[in-house]
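This report describes selected features of one protein model with a bound ligand. It takes up salt bridges, the surroundings of the ligand and one strand in turn.

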Amino acid sequence: MISERMKKLVGGSSAIRAMFEEGNRLAALYGRENVYDFSLGNPNFPAPEKVQKAIVDVLSEEESTFVHGYMPNAGFPDVRAAVAADLNTRYGTNYSADNVLMTVGAAGGLNTILCTILNPGDEVLTISPYFVEYGNYVTNHGGVLRAVPSLEGSFLPDLDALAEAIGPRTRAVLINNPNNPTGVVYDRDTCSALGAMLERRSKELGIEICLLSDEPYRELCYDGTEVPWLPSCYKNTVVCYSWSKSLSLPGERIGYLLIPSEMDGFSDVWSAACIANRMLGFVNAPSLMQRAVARCLDAKADVDAYDKNRKLLYGKLTELGFSCVYPRGAFYLWMKAPGGDDKAFSDKAKAYNLLLVPGSSFAGPGWVRMAYCVSPDMIERSLPAFAKLAEECGLHAV
Ligand code: PLP
């Protein structure tokens, strides 16, 4: 009954999800407290109190038929205006409600913009390692995802390789900053150089290239690291944001696309994106959550709590002799798999009830990803297991 495409997807279901299921199986066998699940980027910290209150206030203060009713496909105009005003304050921009399209999370936003811009066979370039769902999102709209490896060691985009990979069928470059799975943040110099390169290659090839900046981790940065505002580096940028991670609301499915007026063919892109949001079946972003987030655009994630986890995990694992990328954003630690085989290493880790995701699932073989959006207590309890794993791998404490 199911399509050939879905048969393949059912056969090779997500390694992250599989690991999550494995966690539940091991928890039933050994007890939840003895399983150390670093697989899923599901924030362990609750949404800020302000968000909980806003949801209750919307329901008690706003008219029910309005809150729960249909609206323009782009979302409530006053909510979009509030998001635009907030961005203007933060980035010195000049956006209005007409630049903000409320979406069903980042996943919904990416699908909406890809549906808007792709013709069958168009290429979307991304930088490996990358968020595993990108392949599905691009294929959904007839596109072809091509990955260009990041620079060895830094995991920053290899701009020369990217420039070379751009060809007549390139329609978009999709980046993720701060990055899942590496925790790397692209700084202003990198983003400006990326923008200049895209400008140059668009002119050379006589094509329009859209830069899609997927930023669900924008607010999660450490050590004073800042995420540059990409549309100020390249005019044909669409920013894809979500409150899933920054406000611990992944199940609520709320985010937005920022489509700048300066981009080529803006009014067509805007109109098409509104239609795409409708025809993909989203119709509009969840209305209650739109009303709620508009009341708490200044609410902050508990970045300090993630930071403590980050320092604890990075500090202890490097002390044990593991080699990790020092994460500056998001909530993932990217660690070299001793021996080089990420799948074999993840299996070894599983024997100690440590659930890590093999880097191959992100087109980053030889590495593993650990989500540290977990309870600090779980990290502490996992340390003896990591010590045993390090010993089995022949690592030496430093
Ligand atoms: N993009 C990246 C890089 C992600 O890591 C995720 C979720 O983990 C998403 C997009 C999807 O986010 P959302 O839950 O807002 O759809």
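## Salt bridges, ligand shell and a covered strand

Arg295 is partly exposed, with a relative accessible area of 32%. This value, like the others below, comes from a predicted model. The side chain of Arg295 forms a salt bridge with Glu62, and the closest N and O atoms of the pair are 3.0 Å apart. Glu62 belongs to the loop between α3 (49–61) and α4 (64–67), whereas Arg295 belongs to helix α11 (residues 287–295), so the salt bridge ties together parts that are 233 residues apart in sequence. Glu62 has a relative accessibility of 18% and therefore counts as buried, because the limit for that class is under 20%.

A second salt bridge joins Asp223 and Arg328, at an N to O distance of 3.2 Å. This pair also links distant parts of the chain: Asp223 is in the loop between β6 (210–214) and β7 (237–242), Arg328 is in the loop between α12 (303–319) and β9 (332–336), and their positions lie 105 residues apart in the sense of sequence separation. Asp223 is partly exposed at 40% relative accessibility, and Arg328 is partly exposed with a relative accessible area of 36%. Elsewhere, salt bridges with shared partners join Glu61, Glu62, Asp78, Arg291 and Arg295 into one network.

A third salt bridge is formed within a helix. Glu204 and Arg201 are three residues apart in helix α9 (residues 188–205), which means that about one helical turn separates them. Their closest N and O atoms are 2.6 Å apart. Glu204 is partly exposed, with a relative accessible area of 46%, whereas Arg201 is buried at 15%. In total, the model has 24 salt bridges.

### The ligand

The shell around the ligand consists of 14 residues, of which Asp214, Tyr217, Ser242, Ser244 and Arg253 come nearest. By class, this shell has six nonpolar, five polar and three charged residues. Helix α6 (residues 105–117) supplies the largest share of the shell, with three residues.

Oxygen atoms of the ligand have polar side-chain atoms close by in the following residues.

| Residue | Side-chain atom | Ligand atom | Distance |
|---|---|---|---|
| Ser242 | N or O | oxygen | 2.6 Å |
| Arg253 | N or O | oxygen | 2.7 Å |
| Lys245 | polar atom | oxygen | 2.9 Å |

Taken alone, the ligand exposes 390 Å², and the protein buries 91% of that area. Ser242 and Arg253 appear in the table and are also among the residues that come nearest to the ligand.

### Strand β3

How many of the residues in strand β3 (residues 123–128) are buried? Six of its six residues are, and the strand is accordingly described as mostly covered. The cover extends to both faces: Glu123, Leu125 and Ile127 are buried on one side, and Val124, Thr126 and Ser128 are buried on the other. Strand β3 runs parallel to strand β4 (residues 144–149), and six bridges join the two. In this pairing, Glu123 of β3 stands opposite Val144 in β4.

How values were computed:
Residues are numbered from 1 along each chain as its sequence is written. This is a predicted model: local features need pLDDT of at least 70, side-chain atom pairs count only at pLDDT 80 or more; totals for chains, interfaces and linings use all residues. Side-chain values use heavy atoms; hydrogens and water are left out. A residue is near a molecule or strand if one of its heavy atoms lies within 4 Å of it. A polar contact is a pair of N or O atoms within 3.5 Å; within protein, one must be able to donate a hydrogen and the other to accept it, and residues adjacent in sequence count only if both atoms are side-chain atoms. Accessible areas come from the Shrake-Rupley method with a 1.4 Å probe; for residues, only the protein chains shown count as cover. Helices (H or I, at least four residues) and strands (E, at least two) are DSSP runs, numbered from the N terminus. Ala, Val, Leu, Ile, Met, Phe, Trp, Tyr, Cys and Pro count as nonpolar, Asp, Glu, Lys and Arg as charged, and the others, Gly among them, as polar. A salt bridge is a side-chain nitrogen of Lys or Arg within 4 Å of a carboxyl oxygen of Asp or Glu. Buried means under 20% relative accessible area, exposed over 50%, partly exposed in between (1.4 Å probe, protein chains only). Two strands pair if DSSP finds at least two bridges between them.
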